[in-house]
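Hello,

Here is the structure I promised to hand over. My notes follow below it.

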Amino acid sequence: MSQSRDSHFEAYASRVSDPADSPTTLPTTHTPSPQLAQAALDDVLTGCTVAVLIPCYNEAVTIGAVVSDFKRVLPKAHIYVYDNNSTDGTAQVARSAGAIVRTETRQGKGHVVRRMFRDVDADLYLLVDGDNTYDAGAAPLLITEALAGPFDLVNAVRIEDATDNTYRPGHRLGNQLLTGMVMRLFGNRTADMLSGYKALSRRFVKSFPVLSSGFEIETELTVHALELEMPIKDVPTTYGSRPTGSASKLNTFRDGWRILLMIVDLCKQERPLLFFSIVSAVLAAISVILSVPIFIEYFQTHTVPRFPTVIASSAVMLLAFLALTCGLILDTVSRGRVEAKSLHYLNVPHIDRTYIARAWLQTFAADQVAQPIAGMAGADMKRKRTARVLARRLTTLLLLVALCTAVLIALSATGVFHISFPMWPFGK
């Protein structure tokens, strides 16, 4: 039976012997069975070690099912559960389900991911949350896509069922806002930056210096791939609600604020010229606004009676030039850091299973993974596009209002013109 199965699947693999062939061009001649799909997946992963990494904090209600599901779809993978100071018996449940359980005492998902990436050696890594909201059945697709590309990051884009409001409104809007910011700053190559379900190559993991401590780790993962221009791909997967009795650890405003600060910090580190140019432009604008009434008064009276304002305006302009100089210097430093990370990335060996992985995708992926979510994808993508447009317009409106208010305050406070509105507190 094994020999028959191997020769049968090799026939599919032979059809993609040309690297230019796309999996979508390969015709399927029959509907393969789940047993054949699993056996063919074993052939694809021959010589590859796969590690499923599950960070957990108080997930005793769900972790048993998560481990069992991944053991079923990836029977040869090593499943690691890292317990992050749980008090509900998460570690015991995971160990009973057959996972390799380890502990990270520093609280926060970022600390756990850092520990996992340092401790675990594998050729492919599947990072997933332990809350049982992600589809374990999509795991073969994610890891096979990573091999077929090959891709260093395969991101599971969450597709929500139109009949099930899985996302909280704040989470949905926040995800679109934050993802949009990162895409504008670092490159528009993924649609769901905050997804906790990803397939990662060894090259990615061993060249990734984890700096964050909490839920902002997903942002850092995405920016690392975009900064090094790694090959990445989005794969839509179903996303479900938490089971009864399981509570989310994500706080919309607290963690959203931390992610926003992480984006700003990463912009400062990875795009210092852009960051400090913006700071320089703001300082220069403040200096010019402060100096306008001084020049007007000088041309009228040929005197400069407001020396404190002159000194303040000059000091702020000097700070503007200093910020621009810092940006130019740090941009050179940042390029050196990127080059060092790129060299380390290239030194990590790569597993070449491209052709047979493409054959598996063409033969089995459409029937087992892609088709069940096709009906939901249209409605969910339309909803995400609408939310993205609204978020972009809201952000632009808020920035314009803040800029206009700042200019009015500065001009009114310096006496360029007076606003007669009774409640206006400036310029009186």
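Leu274, Ile278, Val282 and Ile286 form a nonpolar surface patch of about 330 Å². Bear in mind that the model is predicted. One patch member, Leu274, sits in helix H11, which covers residues 272-301. Its relative accessibility is 38%, so Leu274 counts as partly exposed. That value falls between the limits of 20% for buried and 50% for exposed.

Next, helix H4, residues 90-97. Which residues of helix H4 are buried? They are Thr90, Ala91, Ala94 and Ala97. Viewed down the axis of H4, these buried residues fall within an arc of 130°, so they line one face of the helix.

What do the buried residues of H4 pack against? Two strands and a helix come from earlier in the chain: S1 (50-56), H3 (63-73) and S2 (78-83). Strand S3 (100-103) is also on the list. Gly98 follows H4, and its phi is positive, near 105°.

Now the chain as a whole. It has 428 residues, and 45% of them are buried. The chain holds 13 helices and 7 strands. Take the contacts between residues at least 6 apart in sequence: 78% of them join residues at least 24 apart. The accessible surface comes to about 21,100 Å². Carbon and sulfur atoms account for 63% of that surface.

Over to you.

Best wishes

Definitions and conventions
Residues are numbered from 1 along each chain as its sequence is written. This is a predicted model: local features need pLDDT of at least 70, side-chain atom pairs count only at pLDDT 80 or more; totals for chains, interfaces and linings use all residues. Side-chain values use heavy atoms; hydrogens and water are left out. Buried means under 20% relative accessible area, exposed over 50%, partly exposed in between (1.4 Å probe, protein chains only). Helices (H or I, at least four residues) and strands (E, at least two) are DSSP runs, numbered from the N terminus. The arc is that of the directions from the helix axis to the C-beta atoms. Contact means heavy atoms within 4.5 Å. Accessible areas come from the Shrake-Rupley method with a 1.4 Å probe; for residues, only the protein chains shown count as cover. Patches are made of residues with over 30% relative accessible area and no salt bridge: like charges are joined within 9 Å, nonpolar side chains (Val, Leu, Ile, Met, Phe, Trp, Tyr) within 5 Å. A salt bridge is a side-chain nitrogen of Lys or Arg within 4 Å of a carboxyl oxygen of Asp or Glu.
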